[in-house]
Amino acid sequence: IGTGRSPYHRGETESWLCRSEGQRCYALDEMAASIRGLQYVPDYLDAAAHDRLWIEVDSQPWLTSVDHGVQIYGYNYSHPKRSVFRTGDLPKWVTDLAVRLCDDGLLPKVPNQMVANDYPPGSGIFAHTDQAVLGDVVASVSLGSTCVMRFSHDASGRTEEVLLEPR
């Protein structure tokens with residue numbers, strides 16, 4: 001799990017471990033220290049909790065967003081209106097994780113919004129900065145497979161690629 005307040009954009013995830021044989025891939029915990037505000041907690045979920053959450057997420061209906069599946073709970077963001085609107089409560093299967101993230105000190109309060117994304121190999125989230133109205137702390141839990149996430153810093157032009165392990 002990765003959490004934090006960071007001036008970096010989150011985005012451009014891809015479903016690969018290394019680009020070529022022998023290339024050095026950095027684990028997120030090695031890189032977290034170089035990205036201000038980023039914290040990495042390896043194996044935050046045990047295997048059984050990971051599998052239960054993955055099965056629960058995947059059993060819900062998926063909407064299609066450009067090139068991937070998406071589920072949105074709690075609040076959704078309207079890009080044209082530049083505002084959020086309530087979609088309902090978080091489901092029980094994610095509320096337990098939301099409370100735990102807060103209880104463990106990884107989030108300042110129990111979150112009331114969650115987005116699940118299902119990216120096929122070779123696709124990923126576009127570079128973006130989350131809207132301030134959604135809060136200034138984000139938690140990301142990777143399920144199912146390892147991926148690489150690219151963080152970019154506008155002011156310096158610096159880019160860091162980090163390896164995200166499931167759980």
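**Exercise 1. Aromatic pairs.** Determine how many aromatic pairs a search of the whole structure finds, and describe the geometry.

*Solution.* The structure is a predicted model. Searching the whole of it yields one aromatic pair. Its members are Y73 and W93, whose ring centres lie 5.6 Å apart with 90° between the planes. Planes over 60 degrees apart count as edge-to-face, and the pair is therefore assigned to that class. Next, locate the partners: Y73 belongs to strand β5, while W93 belongs to helix α3 (residues 92-103). The two are 20 residues apart, and the pair links distant parts of the chain. Finally, Y73 and W93 are both buried.

**Exercise 2. A charge over a ring.** Identify the ring over which the charged end of R100 sits.

*Solution.* The ring is that of Y44, and the charged end of R100 lies 3.8 Å from its centre.

**Exercise 3. The sheet.** Establish the strand order of the open sheet and its edge strands.

*Solution.* The three strands follow the order β4-β5-β8, with antiparallel pairing. Strands β4 (63-65) and β8 (114-118) each pair on one side only, and these are the edge strands. From one strand to the next, the twist averages 40°. Between β4 and β5 (residues 68-73) there are three bridges; T64 has G69 in β5 as its bridge partner.

**Exercise 4. Confidence.** State where pLDDT stays under 50, and how such a region should be read.

*Solution.* The protein chain averages a pLDDT of 77, and 80% of the residues score at least 70. Over residues 1-28, however, pLDDT stays under 50, although the model has 102 contacts beyond four places in sequence for them. Where pLDDT is low, predicted coordinates should not be read in detail.

Notes
Residues are numbered from 1 along each chain as its sequence is written. This is a predicted model: local features need pLDDT of at least 70, side-chain atom pairs count only at pLDDT 80 or more; totals for chains, interfaces and linings use all residues. Side-chain values use heavy atoms; hydrogens and water are left out. Two strands pair if DSSP finds at least two bridges between them. Helices (H or I, at least four residues) and strands (E, at least two) are DSSP runs, numbered from the N terminus. Axes are lines fitted to C-alpha atoms, for helices over the stretch in contact, and angles run from 0 to 180 degrees between N-to-C directions. pLDDT is the predictor's confidence in each residue, from 0 to 100. Contact means heavy atoms within 4.5 Å. Rings of Phe, Tyr and Trp (its six-membered ring) pair if their centres lie within 6.5 Å; planes under 30 degrees apart count as stacked, over 60 as edge-to-face and the rest as tilted. Buried means under 20% relative accessible area, exposed over 50%, partly exposed in between (1.4 Å probe, protein chains only). A charge sits over a ring if NZ of Lys or CZ of Arg is within 6 Å of the ring centre and within 35 degrees of the ring normal.
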